[in-house]
Amino acid sequence: MAGGTTGGTGRLLTIDLPADPGRLAPTRERLRAWLHDQGVGEWDVETVLIATGEACANAIEHGYRFAPEGITTLRVELHEDRLEIEVRDHGGWRPTDGDDGSDRGRGRLIMSRVMDEATIVGTPEGTCVRLVKHLTPSS
């Protein structure tokens, strides 16, 4: 795993996440700690963790079909008023059938409801989920 700060327009965290569901909780905790260190408010932290967790879980399950050699890259950049998040895998893209009658497949809906922007671009080379959260001003 890698992480750190960049001298660009914002502060940056990157994490390489193996396609192992057991790595999701430690990744969430690492992201939570980084967001707190950056001074992001608790409401925004929780919202970002929900959406990012969905995106990472989808990459592991759908992009790599739990193949342990698959790596998902989580990239979080903090700007003055917003967070920009990318979750990128290099697994197979499979369009979803939203009318299968199951309770599955709610990840996209959750991401779009809790984030200000949520876009998913899938190609045969992989999937990129881009999430944007405008931060709640500090009081």
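**Group meeting: a pocket, a core and one loop residue**

Helix H2 is the element that gives the most to the lining of the second largest pocket, contributing 3 residues. I begin with that pocket and then turn to the rest of the structure, which, I should state at once, is a predicted model.

The pocket has a volume of about 190 Å³. Fifteen is the full number of its lining residues, and the closest to its centre are Gly39, Val40, Gly41, Thr136 and Ser138. By character, the lining divides into 5 nonpolar, 6 polar and 4 charged residues.

Allow me now to describe the overall fold. The protein contains 3 helices and 5 strands. Followed along the sequence, these elements give the pattern β-α-α-β-β-α-β-β. There are 139 residues in the protein, and 37% of them count as buried. Consider next the contacts between residues at least 6 apart in sequence: 61% of these join residues at least 24 apart. As for the outside, the accessible surface comes to about 7,800 Å², with 50% of it belonging to carbon and sulfur atoms.

I move to the interior. In soluble globular proteins, nonpolar side chains tend to be buried together. Here, the largest nonpolar core has 29 residues. Within this core, the residues with the most contacts are Leu31, Trp34, Leu35, Val76, Leu83, Ile85 and Val87. Which elements give two or more residues to this core? They are strand S1 (11-18), helix H1 (24-37), helix H2 (42-63), strand S2 (71-78), strand S3 (82-89) and strand S5 (126-134). The largest share, 8 residues, comes from H2. Helix H2 therefore appears twice in this account, since it gives the most to the lining of the second largest pocket and the largest share of the core, where buried means under 20% relative accessible area.

Finally, I would draw attention to a single residue, Met115. Where does Met115 lie? It is found in the loop between helix H3 (107-114) and strand S4 (117-123). Is Met115 buried or exposed? With a relative accessible area of 5%, Met115 falls under the 20% cut-off and so counts as buried. Leaving aside residues up to four places away in sequence, Met115 touches Thr47, Val48, Ala51, Ile85, Leu131, Val132 and Lys133. One of these, Ile85, is also among the core residues with the most contacts. A further pairing concerns Asp44: it stands 71 residues from Met115 along the chain, yet the C-alpha atoms of the two are separated by 9.4 Å.

Definitions and conventions: Residues numbered from 1 in each chain as written. Predicted model: local features only at pLDDT ≥ 70, side-chain atom pairs only at ≥ 80, totals over all residues. Heavy atoms only, no water. Core = buried A, V, L, I, M, F, W, Y, C linked by side-chain atoms within 4.5 Å. Buried < 20%, exposed > 50% of the residue type's maximum accessible area, 1.4 Å probe, protein only. Helix = DSSP H or I, 4+ residues; strand = E, 2+ residues; numbered from the N terminus. Contact = heavy atoms within 4.5 Å. Areas by Shrake-Rupley, 256 points an atom, 1.4 Å probe, with all protein chains shown as cover. 1 Å grid on protein atoms, 1.4 Å probe; cavity = no way out; pocket = protein on both sides within 12 Å on 5 of 7 lines; lining within 4 Å. Points joined across faces, edges and corners; volume = space filled by probe spheres on them. Nonpolar A, V, L, I, M, F, W, Y, C, P; charged D, E, K, R; others polar.
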